[in-house]
Amino acid sequence: MSSRAATPTTTPPYPSAARISDSQCYPQYTASLKCLEEFSSDKSKCQEHFDVYKECKKKEREARLERNRNRSFFS
């Protein structure tokens, strides 16, 4: 018999902020890194990737703030 605890099947209300792989912006993040690997001598070629990632993180942050605003401490 295994003494391992059961894995929860529900999604936590707030995704982990500690792991970039949990972010909705992970594809943009990896695209930025791939671009940097390809054009390490000319980062200006990656600016579009940086801008897309930055915009994604901004929207992710705004959504998190909105969730927190709507969350009641007494529910």
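This tour visits the charged and polar side-chain contacts of a predicted model, moving from the segment before helix 1 to helix 2.

**Stop one: Ser 23**

Begin by selecting Ser 23, in the segment that precedes helix 1 (26-38). Is Ser 23 buried or exposed? Its relative accessible area is 11%; because buried means under 20%, Ser 23 is classed as buried.

Now display the polar atoms around this side chain. A polar atom of the Ser 23 side chain is placed 2.9 Å from the backbone nitrogen of Cys 25. The side chain of Ser 23 also makes a polar contact of 2.8 Å with the side chain of Glu 60.

**Stop two: Asp 22 and Arg 19**

The model contains three salt bridges. To see one of them, select Asp 22 together with Arg 19, whose side chains pair with an N to O distance of 3.0 Å. Asp 22 is partly exposed, at 29% relative accessibility.

**Stop three: Glu 60 and Lys 57**

Follow the contact from Ser 23 across to Glu 60. Which residue meets Glu 60 in a salt bridge? Select Lys 57: the two side chains come together at 2.9 Å, N to O. Lys 57 and Glu 60 both belong to helix 2 and stand three residues apart, so about one helical turn separates them. Glu 60 is buried, with 17% relative accessibility, whereas Lys 57 is partly exposed at 30%. The side chain of Glu 60 thus takes part in a polar contact with Ser 23 and in a salt bridge with Lys 57.

**Stop four: Glu 66 and Arg 69**

Continue along helix 2 to Glu 66 and Arg 69, which form a salt bridge whose closest N and O atoms lie 2.5 Å apart. Here, too, the partners are three residues apart in the helix, and therefore about one helical turn lies between them. Glu 66 has a relative accessible area of 35% and is partly exposed; Arg 69, at 57%, counts as exposed.

**Stop five: the negative patch**

Finally, select Glu 48, Asp 51, Glu 55 and Glu 62 and show the surface. These residues gather there in a patch of negative charge. Where is Glu 48 found? Glu 48 lies in helix 2, which spans residues 47-70. Its relative accessible area is 64%, and since the cut-off for exposed is over 50%, Glu 48 falls in that class.

For a closing view, keep the patch on display beside the Lys 57–Glu 60 and Glu 66–Arg 69 salt bridges.

How values were computed:
Residues are numbered from 1 along each chain as its sequence is written. This is a predicted model: local features need pLDDT of at least 70, side-chain atom pairs count only at pLDDT 80 or more; totals for chains, interfaces and linings use all residues. Side-chain values use heavy atoms; hydrogens and water are left out. Patches are made of residues with over 30% relative accessible area and no salt bridge: like charges are joined within 9 Å, nonpolar side chains (Val, Leu, Ile, Met, Phe, Trp, Tyr) within 5 Å. Accessible areas come from the Shrake-Rupley method with a 1.4 Å probe; for residues, only the protein chains shown count as cover. A salt bridge is a side-chain nitrogen of Lys or Arg within 4 Å of a carboxyl oxygen of Asp or Glu. Lys and Arg count as positive and Asp and Glu as negative; His and the chain ends are not counted. The place of a charge is taken as NZ of Lys, CZ of Arg, CG of Asp or CD of Glu. Helices (H or I, at least four residues) and strands (E, at least two) are DSSP runs, numbered from the N terminus. Buried means under 20% relative accessible area, exposed over 50%, partly exposed in between (1.4 Å probe, protein chains only). A polar contact is a pair of N or O atoms within 3.5 Å; within protein, one must be able to donate a hydrogen and the other to accept it, and residues adjacent in sequence count only if both atoms are side-chain atoms.
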